[in-house]
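Reader: I am new to this structure and would like to go through it with a few questions. Please show it first.

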Amino acid sequence: MVAETHYDALVIGAGQAGGPLSTALAGAGYKTALIEREHIGGTCINEGCTPTKTMVASARVAYLARRGADYGVHTGPISIDLAIVRERKRAIVDSFRNGSQHQIESTKGLDLLFGEAKFTAPKTVEVRLKDGETHTLSADRIFINVGMRPAKPTLEGIEGVPSLDSTSIMELEAVPDHLLIIGGGYISLEFAQMFRRFGAAVTIVQRGSHLLAREDDDVSEEVANILRTDSIEVLLDTSTVRVATSASGTIALTVKTSGVERTLHGSHLLLATGRTSNADQLNAAVAGIALDAHGAIKVNDKLETNVSGIYALGDVKGGPAFTHISYDDFRIIRTNLIEGGDASIKDRLVPYTVFIDPQLGRVGLTEAEAHQQGRKVRVAKLPMTHVARAIEMDETRGFMKVIVDAETGMILGAAVLGIEGGEVCSILQVAMMGNLHYKTLQEAVFAHPTLAESLNNLFMAMDK
């Protein structure tokens, strides 16, 4: 029988919460173990933010190179070496991952184990290491940061057809001839535009009436327009019926729009229909940990589960599934357990950026959400064609939109669909954090010519 090793703290998963939490706990004197199934850094560094945005950058270079003549710069024929794009991506991922792993391994009082953990009791886990050896660990406090994985849709024929997910598509050695994508969320759109810029024909099949279904209609519609101007086929209100491999070897995806079926043919199929929590791989029921209807771990405002002393951080507890939220979860635990504070996830702002080009930066309420809450609002909206810096850069697609409380003048939310939209939206977020009246930004002196300066005109447009 394997002896049980007891720790003060046990962290399962070395994602953007688990990694820094393990070093912080060890630094505070907790005897700590960190268990990681595969790679340090979690989804963000290995399969999410870092690799995708690295490849998005390569795709933008290709886009600008093809547009050289618009700026009076003439270039030769543009070709894409996807193997080199992939190697650049891998090198950056390795650099980030190895740096994080070195920090963890050099932290005193912290044991790093590579293996798969499953609960055998509320405060006890069995860890099967990569070499097959099994260890039993127990702890006074356990922190779960095991993330999510791509979900596979229920579709007739899907098991017999080769398909890609958000991880495997980044390992392609050559650009697809025609990429079919099921799903209309931010993962779908980022890969759609990326591979279109690499030279693939791309078709998006979205069951709903809008892309990015949680956004306001005007934002979703403008995103679709931008993708269509990039020669991406966007099929809305279109359901998938079945998929098969045709006699010629292509992927045949049968879809239905307005009751009419037709078959799309492509060389590759990307499944981008959402993600599912990895909580089901932990044997959580044995520990008595409650899950919601989607399989995510339920937590309170302090990130503690229904089992005292067991916490869940990051994507495994359900949305919002963003790296910066996972890291903020770590900060909340650090504040409460190590620093004696009283931090909470309640009412925190959740900013995010969809890294299409131009970017969609978002924070706070949408216009629709504000109306659903019965708020009286004013809406400021400015097309990027009215932004001097965007005109100078010849990047005028999209618009800025801010939701303002009509009674207090406080900013409730923003959507910036434009060049560097994520950065501009961050300025609005800081204003929200500081409870600034919108007129403070309307009358602020920003450097000229910058994108930030456009906030003056944005709020002036609301007062007309």
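Reader: Over the face of which ring does Lys-381 lie?

Author: This is a predicted model, and what follows is computed from it. Lys-381 is at 4.3 Å from the centre of the ring in question. A charge counts as sitting over a ring within 6 Å of its centre, provided that the angle to the ring normal also fits. The ring is that of Phe-399.

Reader: How far from the centre of the ring of Tyr-7 is the charged end of Lys-31?

Author: The charged end of Lys-31 also has a ring beneath it, that of Tyr-7. The distance to the ring centre is 5.0 Å.

Reader: How many aromatic pairs does a search of the whole structure find, and how is the pair of Tyr-186 and Phe-322 classed?

Author: The search gives seven aromatic pairs. In the pair of Tyr-186 and Phe-322, the ring centres are 6.2 Å apart and the planes stand at 35°. Planes under 30 degrees apart would count as stacked and those over 60 as edge-to-face. The angle of 35° fits neither, so the pair of Tyr-186 and Phe-322 is tilted.

Reader: How many residues apart in sequence are the parts that this pair ties together?

Author: Tyr-186 belongs to helix H5 (residues 186-198). Phe-322 sits in the loop between strand E15 (310-312) and helix H8 (323-338). The pair therefore ties together parts whose separation in sequence is 136 residues.

Reader: Which residue joins Tyr-186 and Phe-322 in a cluster, and is Phe-322 buried or exposed?

Author: Ring pairs link Tyr-186 and Phe-322 with Tyr-352. Tyr-186 has 32% relative accessibility and counts as partly exposed. For Phe-322 the relative accessible area is 16%, and the limit for a buried residue is under 20%. The residue that joins them is Tyr-352, and Phe-322 is buried.

Reader: What span should helix H4 have, and what is the distance between its end C-alpha atoms?

Author: Helix H4 covers residues 82-105, which makes 24 residues. At 1.5 Å a residue, the expected span is 34 Å. The end C-alpha atoms agree with this, being 34 Å apart.

Reader: Against which elements do the buried residues of H4 pack?

Author: The buried residues of H4 include Leu-82, Val-85, Lys-89, Val-93 and Ile-104. An α-helix has 3.6 residues a turn, so residues three or four places apart point the same way. The elements packed against are helix H1 (18-27), strand E2 (32-36), helix H2 (42-46), helix H3 (49-66), E3 and H5.

Reader: Is Ala-117 in strand E3 buried or exposed, and how far is its C-alpha atom from that of Val-127?

Author: Ala-117 has 6% relative accessibility and counts as buried. Beyond its neighbours in sequence, Ala-117 is in contact with residues including Ile-12, Ile-35 and Leu-282. Val-127 is 10 residues away along the chain, yet the separation of the two C-alpha atoms is 4.4 Å.

Reader: How far apart in space are Glu-116 and Gln-281?

Author: Glu-116 is found in strand E3 and is partly exposed, at 31% relative accessible area. Among the residues Glu-116 touches are Arg-37, Arg-128 and Gln-281. Glu-116 and Gln-281 are 165 residues apart in sequence, but their C-alpha distance is 9.0 Å.

Reader: Which strands stand at the edges of the sheet E10-E11-E12?

Author: Three strands make up this open sheet, and the pairing is antiparallel. E10 is joined to strand E11 (residues 251-257) by seven bridges. An edge strand has a single partner, so one of its sides is left without a neighbour in the sheet. The edge strands are E10 (238-245) and E12 (260-266).

Reader: In the sheet E16-E17-E20-E19-E18, which strands pair with E20, and how many of its residues are buried?

Author: The sheet is open and antiparallel, with five strands. Six bridges join strand E17 (residues 359-364) to E20, and Leu-360 stands opposite Leu-417. Six bridges also join strand E19 (residues 399-405) to E20, with Met-400 opposite Val-416. The partners are thus E17 and E19, and the buried residues of E20 (residues 411-418) number eight of eight.

Reader: Which helix packs on this sheet?

Author: The helix touches E18, E19 and E20. The direction of the helix makes about 130° with that of E18. The helix is H13 (residues 454-463).

Key. Residues numbered from 1 in each chain as written. Predicted model: local features only at pLDDT ≥ 70, side-chain atom pairs only at ≥ 80, totals over all residues. Heavy atoms only, no water. Phe/Tyr/Trp six-rings, centres within 6.5 Å; stacked < 30°, edge-to-face > 60°. Helix = DSSP H or I, 4+ residues; strand = E, 2+ residues; numbered from the N terminus. Buried < 20%, exposed > 50% of the residue type's maximum accessible area, 1.4 Å probe, protein only. Lys NZ or Arg CZ within 6 Å of the ring centre and 35° of its normal. Contact = heavy atoms within 4.5 Å. Pairing = 2+ DSSP bridges. Expected span 1.5 Å × (residues − 1). Axes fitted to C-alpha atoms, helices over the stretch in contact; angles between N-to-C directions.
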